[in-house]
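Student: Could you take me closely through one part of this model, and then place that part among its surroundings?

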Amino acid sequence: MRDLIKSALAITWKDLYAEWRTKQVFSTMLIFSGLVIVTFSFAFDPTNNTIRAVIPGMIWVITIFAGILGLNRSFISEQYNDSLHGLIVSPIDPSSIYFGKFLSNFIIVLFVQMITIPLLFILFDYKMNGNILLFLLVLFLGSAGFICVGTFLAALSANSRSSEMLLPIILFPVISPIVIAAVQSTRILLIDVEEIESLFSWISLMAGYDLLFFVFCFFLFEFIMEV
Amino acid sequence: MHRSLIWILIILMSVALYLVFIWSPIEKVMGNVQKIFYFHVGSAWVAFLAFGVVFVYSILFLMKRKRSYDMIAGISAEIGVLFTAIVLTTGPIWGRSAWNTWWTWEPRLTTTFILFFLYLAYIFIRRMDGAWEKKARLAAVFGIISFIDVPIVFMAIRWWNSKLHPIVFGDAPNQSGGGIEGEMLVTLLFCLGVITLLYIVLLQKGIYIERTKLAVENVKKNIQEKLMK
Amino acid sequence: MSYLFAAYMVIWILLSGYLVILGKRQQKINKEIEFIRELENTQ
Amino acid sequence: MIKTVTLNKTIAEKTILNDINITVNQGETIGILGPNGAGKSTILKIIGGLMKPSFGHVMIDNIPVKENNLEIKKKIGFLAHNSYLYEHLSPVENLTFFGKLYQVNQLEYKVKELIREVGLQFFMNEPVRSFSRGMIQRLAIVRAIVHDPSILILDEPHTGLDQQASRILNELILKKKEQKTTILMVTHDLAQAIETCDRFILMKKGVIIDDFVLENKNVHQLKEIYLRQVG
């Protein structure tokens, strides 16, 4: 188990370091998020007061669409020089590849959120008055569930030549519960604070989803890694 | 065996139609339209059943790696798409007449909607390029993941639904068996049985076709190799 | 009444649509078999 | 040391390997030769753990490869046609990463030593992206031996190499051979094979057609046998 985490962290570190060198994925995700925010400003009148109602949805639309850009890259980049085969022949558990990739994708998405969400609030003149810690918890749990299934299905779809098209199609239906839960709990925190007692059932749904799918993806991953 | 099943199916299907249209009483509030519900519910049941079959045979495939398990899962998913499509079209028709709106984001309908996309995703994976072993393995993994997902989807949608829209229409007849009359129940159960039989017949047919296709392909490959020598 | 009619029409159309698809697959296989027979005859 | 027992592999109904039984003793250097599509690389991939056999199994040190997988993988160094290297990382970073996966001791020192050995010390902090094919292949070789494997599997290592890189590679292989490393090599290049290998296995269409020892380093004799058997 310790070896598993060690090699997973080595993979995470390698991915993040390569990303730090190039900043390719990160900058693409940021620019894409910016463009989505601009498009939202055309779609919903930013001076209108009702804009508050769509902010929770925006947060998750940005996270998920930007996230998919990164997920698509995370296993395609391993195909260059067949480096994924290098990971398979090395003495590590296949699940540690999953765990390592999950961590690096998750960290990148959290960084993107750290920039885009404040930006969204500023550009749409939204004043945050809910519980910030709970808000961060919701962001954390929601993104974790999304990336957990996303990393797994990215590895699956990387086997196809048209993986960029395949991934969104197979990913969205599976993550629909986490999207519902994440948007609902964000809405409760940002707008309908009076419904706060139902927030906890949403949070527990997210936590349950994260745990369940992490375990399943973790153990099923070796079937994806066969050549 | 297959042939006799088809005949039994045809006879039972006519009986089912008789029960639905003539024998069973007309519902007082909704009238004739309520009769959609027999086949609607039957199709929904088979859709979920088909997905369950995909799940079971996906697990079996990953353990035993037999091609026939993969075939059964694939055909079952296809039939599942067919019956989810039936649920998704008859649902709105009923909704239109009962609630005067084509679509409501009612939990069962929404779950079926997502189920439809899960099936489609599964079929997309099966249509990937590459050797069958790879496609079968990946599809099986997805079949397992998506089956676990369905109950969570249902739960999430029901919670979301009860928070967003308080139930305006009252319980629809398929949501609670409460006011159902004896004859209606008999008809419903009969229809469930007949549609399940229809599923089995379609599954047999599909598997038979896949098997012959495979056999023909093998023969063709052999002949090709012989001719090229 | 027309809604009921429409609903059952849709059911039958979808079902027979699937049967047509299955039939087409069968046809394709039959053609292949024919083709193979011809190949064997020419040998 | 290595033993394959009735190894079979079929991919999409096509037989790639048909009942392969090879026994390799410690310290042997084996060249696997044969035309394209003979299944040479597939054997290496199965032994290296990259592929699962459809039937049969591999024993390494009398342990079936299925169990205790990770311990066995630590003993194997695998060099494929592709380098497995990460483009955006430098040689040091690449080797350090793989060294970590193989849990190599004194990694930092070892990495520098290896890089010096293949003459890349001036480029050890440049990203691999800017390297030529020959430089990449040199780095790929040391990537495969960073953990001092007792079994070295080489899949067409000489393809695309310039003469100097080929020479460095052969020197490395011979050095490993002196250290009693078992070496399995698939190659098209008979001249390179005879430089390093003692035993040869000829394959055709998924079966072994000949298995002989040739220690006199005579390329012509090898060529003659090859042409007679494979055609």
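**The annotated segment of chain C and its surroundings**

Tutor: Over residues 6-23 of chain C, the chain is 100% helix and 0% strand, with the C-alpha atoms at the two ends 25 Å apart. This is a predicted model, and the choice of segment follows the UniProt record, an unreviewed entry, which places the feature "transmembrane region" at residues 6-23 of chain C. As for the neighbours of chain C, no contact joins chain C to chain A, and the closest C-alpha atoms of these two chains lie 23 Å apart; likewise, no contact joins chain C and chain D, for which the closest C-alpha atoms lie 18 Å apart.

Chain B can be described by its own fold: there are 6 helices and 0 strands in this chain, giving the pattern α-α-α-α-α-α along the sequence. Of the 229 residues of chain B, 52% count as buried, while the chain exposes about 10,600 Å², of which carbon and sulfur atoms supply 67%. Among the contacts in chain B between residues at least 6 apart in sequence, 79% join residues that are at least 24 apart.

Turning to the aromatic side chains, the count over all chains comes to 37 aromatic pairs. In chain A, ring pairs link a cluster whose members include F75(A), Y98(A), F99(A), F140(A) and F221(A). Over the face of F75(A) lies K101(A), at 5.4 Å from the ring centre. In chain D, R143(D) lies over the face of F98(D), at 4.7 Å from the ring centre.

Methods:
Residues numbered from 1 in each chain as written. Chains lettered and ligands numbered in written order. Predicted model: local features only at pLDDT ≥ 70, side-chain atom pairs only at ≥ 80, totals over all residues. Heavy atoms only, no water. UniProt positions renumbered as here; feature names shortened; annotations may be inferred. Helix = DSSP H or I, 4+ residues; strand = E, 2+ residues; numbered from the N terminus. Contact = heavy atoms within 4.5 Å. Buried < 20%, exposed > 50% of the residue type's maximum accessible area, 1.4 Å probe, protein only. Areas by Shrake-Rupley, 256 points an atom, 1.4 Å probe, with all protein chains shown as cover. Phe/Tyr/Trp six-rings, centres within 6.5 Å; stacked < 30°, edge-to-face > 60°. Lys NZ or Arg CZ within 6 Å of the ring centre and 35° of its normal.
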